[in-house]
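Trainee: I'm new to this one, and I'd like a close look at a single part of it. Could you walk me through one strand and then what lies around it?

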Amino acid sequence: MIRVLLADDEAMVRAGVRAILETDETIEVVAEAADGREAVEAVQRHRPDVALLDVRMPRMDGLAAGAEIARTAPETARIMLTTFSEDAYIARALGDGASGFLLKSGDPRELLAGVHAVADGAAFLSPRVAQRVIAELGAGTGDRMSRAADARAKVATLTDRERDVMALVGAGLSNAEIGRRLHLVEGTVKAYLSSAFGRLGVRNRVQAAILAHEAGLVSEDR
């Protein structure tokens with residue numbers, strides 16, 4: 001079972017997200033929280049595998065709560081629930097090592113896929129969120145073009161197999177899933193990732209996923 005904490009200050013939103021999660025028999029919502037402080041305390045009590053955190057919450061927002069959870073319960077993966085109006089917060093969450101970003105208005109299947117992905121150690125960015133993250137990181141057209149060019153230049157230093165692995169990281173696949181897709185053992189996937197992360201200068205899977213999107217490695221059919 002994947003044990004999940006759900007934190008959102010709107011009871012109706014929590015009920016909707018819980019209903020979606022409960023359609024998957026392998027996911028269990030072990031606790032709910034109405035603000036960031038409650039979320040941190042609930043993580044300490046329940047030690048869930050995944051914390052779903054709304055960005056905007058009273059007492060402590062989702063970003064601050066996520067950072068505190070990372071410090072006190074690093075084994076709990078964090079997914080930020082966001083809206084298009086909250087792009088400005090995304091770069092901060094990236095820096096704090098959040099494992100995923102999902103839109104509240106997104107496809108319910110993305111919610112389930114995201115929870116499974118981060119619970120399995122992967123990063124998950126829905127395609128629409130990824131594009132918004134990239135737009136936020138590069139404020140102007142020139143900045144975006146510069147970041148894309150820089151990403152393509154970094155990716156050009158990778159081997160063909162490393163590029164294949166990075167594309168699947170960008171698509172939100174776990175190491176096990178990448179191994180099955182590319183017919184590699186999981187240990188080999190980890191070796192490719194370690195090498196690629198070093199060459200690309202990224203610290204975690206989310207940063208790697210963003211770079212993969214910026215470089216154009218992630219196609220719709222992935």
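Which way do Gly100, Phe101, Leu102 and Leu103 point from E5, and are they buried or exposed?

Mentor: Happy to, and keep in mind that this is a predicted model. Gly100 and Leu102 point one way from E5, while Phe101 and Leu103 point the other way. As for cover, all of them are buried.

Let's stay with Phe101 for a moment. You'll find Phe101 in strand E5, which covers residues 100-103. Its relative accessibility is 2%, and because the cut-off for buried is under 20%, Phe101 counts as buried. Phe101 also has a partner in the next strand along: its bridge partner in E6 is Leu125. Then look at Phe124. Phe101 and Phe124 are 23 residues apart in sequence, yet their C-alpha atoms are 6.6 Å apart in space.

Now look at both sides of E5. On one side, E5 and E6 run parallel and are joined by two bridges. On the other, E4 and E5 run parallel too, with four bridges between them. Leu102 takes part there: Leu81 has Leu102 as its bridge partner in E5.

Step back and you can see where E5 belongs. Six strands make an open sheet with parallel pairing, in the order E2-E1-E3-E4-E5-E6. Strand E2 (27-33) and strand E6 (124-125) are the edge strands, each pairing on one side only. Further along the sheet, strand E1 (residues 2-7) and strand E3 (residues 50-54) pair in the parallel sense over four bridges. In that pair, Ala7 stands opposite Leu53 in E3.

Strand E4 is worth a stop as well, since a helix comes into the picture here. Helix H3 (residues 62-72) lies across E3 and strand E4 (77-82), and H3 runs at about 175 degrees to E4. Try finding Arg78, which sits in strand E4. You might not guess it for an arginine, but Arg78 counts as buried because its relative accessibility is 8%. The side chain of Arg78 reaches the backbone oxygen of Gly66 at 3.3 Å.

Next, go to strand E3 and pick out Asp54, which is found in that strand. Here a record adds something: UniProt, in an unreviewed entry, places the feature "modified residue: 4-aspartylphosphate" at Asp54. In the model, Asp54 counts as buried, because its relative accessibility is 2%. Leaving out residues up to four places away in sequence, Asp54 touches Ala7, Asp8, Asp9, Gly62, Leu81 and Lys104. Two of those names you've met already: Ala7 is the residue opposite Leu53, and Leu81 is the bridge partner of Leu102 in E5. That brings you back to the strand you asked about.

Two loops are worth following too. Asp35 is found in the loop between E2 and helix H2 (36-46). With a relative accessibility of 7%, Asp35 counts as buried. A polar atom of the Asp35 side chain lies 2.7 Å from the backbone nitrogen of Glu38. The side chain of Asp35 also makes a polar contact of 3.2 Å with the side chain of Arg59. Apart from neighbours within four places in sequence, Asp35 is in contact with Met57, Pro58, Arg59 and Met60.

Follow that contact across to Arg59, which is in the loop between E3 and H3. While Asp35 is buried, Arg59 is exposed, with a relative accessible area of 64%. The backbone of Arg59 deserves a look as well. Most residues other than glycine have a negative phi. Arg59 has a positive one, near 65 degrees. His183 also has a positive phi, near 60 degrees. His183 is found in the loop between helix H9 (175-182) and helix H10 (186-200), and with a relative accessible area of 72% it counts as exposed.

Finally, here's the chain as a whole. Its secondary structure comes to 11 helices and six strands. Of the 222 residues, 48% are buried. Among contacts between residues at least 6 apart in sequence, 67% join residues at least 24 apart. The chain exposes about 10100 Å², and carbon and sulfur atoms supply 50% of that.

Note on methods
Residues numbered from 1 in each chain as written. Predicted model: local features only at pLDDT ≥ 70, side-chain atom pairs only at ≥ 80, totals over all residues. Heavy atoms only, no water. Buried < 20%, exposed > 50% of the residue type's maximum accessible area, 1.4 Å probe, protein only. Pairing = 2+ DSSP bridges. Contact = heavy atoms within 4.5 Å. Axes fitted to C-alpha atoms, helices over the stretch in contact; angles between N-to-C directions. Polar contact = N/O pair within 3.5 Å; in protein donor to acceptor, adjacent residues only side chain to side chain. Areas by Shrake-Rupley, 256 points an atom, 1.4 Å probe, with all protein chains shown as cover. UniProt positions renumbered as here; feature names shortened; annotations may be inferred.
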